[in-house]
Amino acid sequence: MILVTGHFRVSPDKVEALRPQMQAVIEANREEDGCYLFAYGEDVLDPGLIRVVERWRDWESLDAHARSAHVAAWRRAVEAAGIVEREVIAHAASEERRL
């Protein structure tokens, strides 16, 4: 299992304009082979800070995801919106425990 966590930041006044692109890329990503979870959420206390959470079956499915056309379109949309900050990290997870 591969876990991807992180965040990106856009100006709070750009979030609403970016929302349709976020919805489109989330829907497309959730249909990809190997995607178990893909979600964005705006931080309640920090407007414009978008949290990223993903779960992928393996590195191969994550790599295929990164090469997809909808991810390329998403990257263009985020650049156009003026991304201020980005940190997203993939982690290999060998163990899982429900809390």
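Two residues are in contact when heavy atoms lie within 4.5 Å. Keep that cut-off handy for the exercises below, and remember that this is a predicted model.

**Exercise 1. Find which residues Thr5 is in contact with, leaving aside its neighbours within four places in sequence.**

Solution. Start by placing the residue: Thr5 sits in strand β1. Now apply the cut-off. Once neighbours within four places in sequence are set aside, Thr5 is in contact with Val52, Glu87, Val88, Ile89 and His91. Take Val88 from that list: the C-alpha atoms of Thr5 and Val88 are separated by 5.7 Å, although the two are 83 residues apart along the chain. Last, check the surface. Thr5 has a relative accessible area of 34%, so it is partly exposed.

**Exercise 2. Work out how helix α1 runs relative to helix α3.**

Solution. Two packed helices are described by the angle between their axes and the distance between the axes. Here, α1 covers residues 15-30 and α3 covers residues 69-81, and they pack at an angle of about 160° with axes 10 Å apart. An angle over 145 degrees counts as roughly antiparallel, so α1 is roughly antiparallel to α3. As for handedness, the crossing of the two is left-handed.

Next, see who does the touching. On the α1 side the contact is made by Leu18, Gln21, Met22, Val25, Ala28 and Asn29. On the α3 side, His70, Val71, Trp74, Ala77, Val78 and Ala81 make it. Sort these residues by type and you get nine nonpolar, three polar and no charged.

**Exercise 3. Decide whether Ala81 and Cys35 are buried or exposed, and say what each one touches.**

Solution. Buried means under 20% relative accessible area.

- Ala81 is part of helix α3. Its relative accessibility is 12%, so Ala81 counts as buried. Not counting residues up to four places away in sequence, Ala81 touches Lys14 and Leu18. Its C-alpha atom is also 8.2 Å from that of Ala17, with the two positions 64 residues apart along the chain.
- Cys35 belongs to strand β2. Cys35 also comes out at 12% relative accessibility, so it counts as buried. Its contacts, with residues up to four places away left out, are Asn29, Arg30, Arg55 and Trp56. Pick Arg55: Cys35 and Arg55 are 20 residues apart in sequence, yet 6.2 Å apart C-alpha to C-alpha.

**Exercise 4. Do the burial check for Asp13.**

Solution. First, locate Asp13 in the loop between β1 and α1. Exposed means over 50% relative accessible area. Asp13 has 62%, so it is exposed. For a distance to go with that, the C-alpha atoms of Asp13 and Pro47 are separated by 8.9 Å, and the pair is 34 residues apart along the chain.

**Exercise 5. Describe the largest nonpolar core and name the element that supplies its largest share.**

Solution. In soluble globular proteins, nonpolar side chains tend to be buried together. In this model the largest nonpolar core has 20 residues. Those with the most contacts inside it are Phe8, Leu18, Met22, Phe38, Tyr40, Trp56 and Trp74. Now trace where the core comes from: β1 (2-9), α1, β2 (35-42), β3 (49-56) and α3 each supply at least two residues. The largest share, five residues, comes from α1.

How values were computed:
Residues are numbered from 1 along each chain as its sequence is written. This is a predicted model: local features need pLDDT of at least 70, side-chain atom pairs count only at pLDDT 80 or more; totals for chains, interfaces and linings use all residues. Side-chain values use heavy atoms; hydrogens and water are left out. Axes are lines fitted to C-alpha atoms, for helices over the stretch in contact, and angles run from 0 to 180 degrees between N-to-C directions. Helices (H or I, at least four residues) and strands (E, at least two) are DSSP runs, numbered from the N terminus. Angles under 35 degrees count as roughly parallel, over 145 as roughly antiparallel, 65 to 115 as roughly perpendicular and the rest as oblique. A crossing is left-handed if the near helix is turned anticlockwise from the far one by less than a right angle, and right-handed if clockwise. Ala, Val, Leu, Ile, Met, Phe, Trp, Tyr, Cys and Pro count as nonpolar, Asp, Glu, Lys and Arg as charged, and the others, Gly among them, as polar. A nonpolar core is a set of buried Ala, Val, Leu, Ile, Met, Phe, Trp, Tyr and Cys residues joined through side-chain atoms within 4.5 Å. Buried means under 20% relative accessible area, exposed over 50%, partly exposed in between (1.4 Å probe, protein chains only).
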